[in-house]
Amino acid sequence: SAESEAWKKGVIYAEGQNLARYLMEAPANYITPIKFAEHIEQKLRSFSNVKIHIRPESWITTQEMGAFLSVAKGSAEPPIFLEIHYLGGANTDDSPLVFVGKGVTFDSGGISLKPSSGMDAMRADMGGAATVCSAIVTAAALNLPLNIIGLAPLCENMPSGKANKPGDVVRAKNGKTIQVDNTDAEGRLLLADALCYAHNFNARAIVNAATLTGAMDVALGSAATGVFTNSSWLWTHLYEASILTGDRVWRMPLFEHYTKQVTDCPLADVSNIGKYSRAGGACTAAAFLKEFVTASHWAHLDIAGVMSNKDEVPYLRKGMAGRPTRTLVEFAARLSHDRHN
């Protein structure tokens with residue numbers, strides 16, 4: 001082919017998605033929180049314009065990330081907060097794009113234990129962290145001209161004598177109290193604190209990705225990633241990027257209707273599940289996250305439905321899919337193009 005540049009770019013995109021697939025597929029005793037962070041650090045070691053901070057539990061405590069810590073305390077594996085700074089912009093002070101990824105390296109459900117059938121797939125519950133970190137590795141390889149910050153709260157969700165109990169109340173970084181009515185709705189607790197922290201960076205946009213709800217899989221299956229966003233500008237960019245990559249996204253509602261279902265809570269400011277239980281589960285999860293966001297350009301990508309591939313996507317083997325890594329990269333590329341024009 002005469003299109004050798006396009007081919008090289010395609011290979012880099014594919015390698016990024018394959019990195020996410022590798023991280024998601026690997027057994028949870030191999031990809032622990034610290035091992036995940038070290039693997040990403042090794043992938044980014046050769047780039048002089050990347051800084052990586054592997055934050056330990058003591059740092060997480062000083063940041064008052066009580067929601068994140070409440071999930072992590074049930075496991076013997078210590079939590080890690082991975083923070084990546086890719087400084088590809090002409091000016092290192094330019095407002096960055098901030099990616100946030102849910103990094104639950106194994107999700108048993110905690111005290112609200114999941115059924116044993118299929119629980120092994122929950123080694124991929126860090127798919128949000130895997131896709132956003134792989135997207136940053138890819139952006140660095142492509143030398144994209146923008147600044148990106150990646151944030152990944154990493155831990156396990158396990159049942160133990162120290163684990164969250166249904167009905168417990170924990171305090172998030174922004175001071176809001178959360179009633180933990182279901183310990184298996186833990187991803188939103190990690191993300192609440194990480195999203196609060198993301199507001200420190202004067203971001204152009206905050207985009208989080210998470211294998212958040214089984215309800216998302218019920219709603220869209222593996223056809224598309226569900227996107228909940230407060231910004232039509234952000235939605236347009238994500239949508240157009242997804243058309244180009246073929247790894248599609250679909251907009252879902254962020255109605256006040258759902259907010260009431262998580263804020264009508266007897267013991268705290270907000271409950272971690274909607275009061276009508278399973279009704280609109282993906283939407284109430286998004287409404288919960290919105291309680292920790294003040295940025296005017298924020299998008300939440302629920303990637304639970306696209307986590308794995310059976311035979312729906314013909315160019316992917318059976319197993320963890322690493323979706324939508326390429327769409328995130330393409331979105332970042334469009335954003336950098338926007339800045340230049």
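Author: Buried here means under 20% relative accessible area. Keep that cut-off in mind, and remember that this is a predicted model.

Reader: Okay, so why is T105 called buried?

Author: T105 has 1% relative accessibility. The cut-off is under 20%, so T105 counts as buried.

Reader: Where does T105 sit, and which residues is T105 in contact with, leaving aside neighbours within four places in sequence?

Author: T105 belongs to strand β4, residues 103–107. Skipping those sequence neighbours, its contacts include A28, I31, T32 and P33, and also M122, R123 and M126. L154, C155 and E156 are among them too.

Reader: How do you know that the span of helix α1 agrees with what it should be?

Author: Helix α1 covers residues 4–25, which is 22 residues. At 1.5 Å a residue the helix should span 32 Å, and its end C-alpha atoms lie 31 Å apart, so the two agree.

Reader: Which residues of α1 are buried?

Author: In α1 the buried ones are Y13, G16, Q17, L19, A20, R21, L23 and M24.

Reader: How many disulfides does a search of the whole structure find?

Author: Zero. A disulfide needs two cysteine sulfur atoms within 2.5 Å.

Reader: What makes C133 too far for a bond?

Author: The closest cysteine sulfur to that of C133 is in C155, 14 Å away. The limit is 2.5 Å, so that is too far for a bond. C133 is also buried, at 2% relative accessibility.

Reader: And why is there no bond for C283?

Author: Its sulfur is 19 Å from the closest cysteine sulfur, in C265, so that is too far as well. C283 has 7% relative accessibility, so C283 counts as buried.

Methods
Residues numbered from 1 in each chain as written. Predicted model: local features only at pLDDT ≥ 70, side-chain atom pairs only at ≥ 80, totals over all residues. Heavy atoms only, no water. Helix = DSSP H or I, 4+ residues; strand = E, 2+ residues; numbered from the N terminus. Buried < 20%, exposed > 50% of the residue type's maximum accessible area, 1.4 Å probe, protein only. Contact = heavy atoms within 4.5 Å. Expected span 1.5 Å × (residues − 1).
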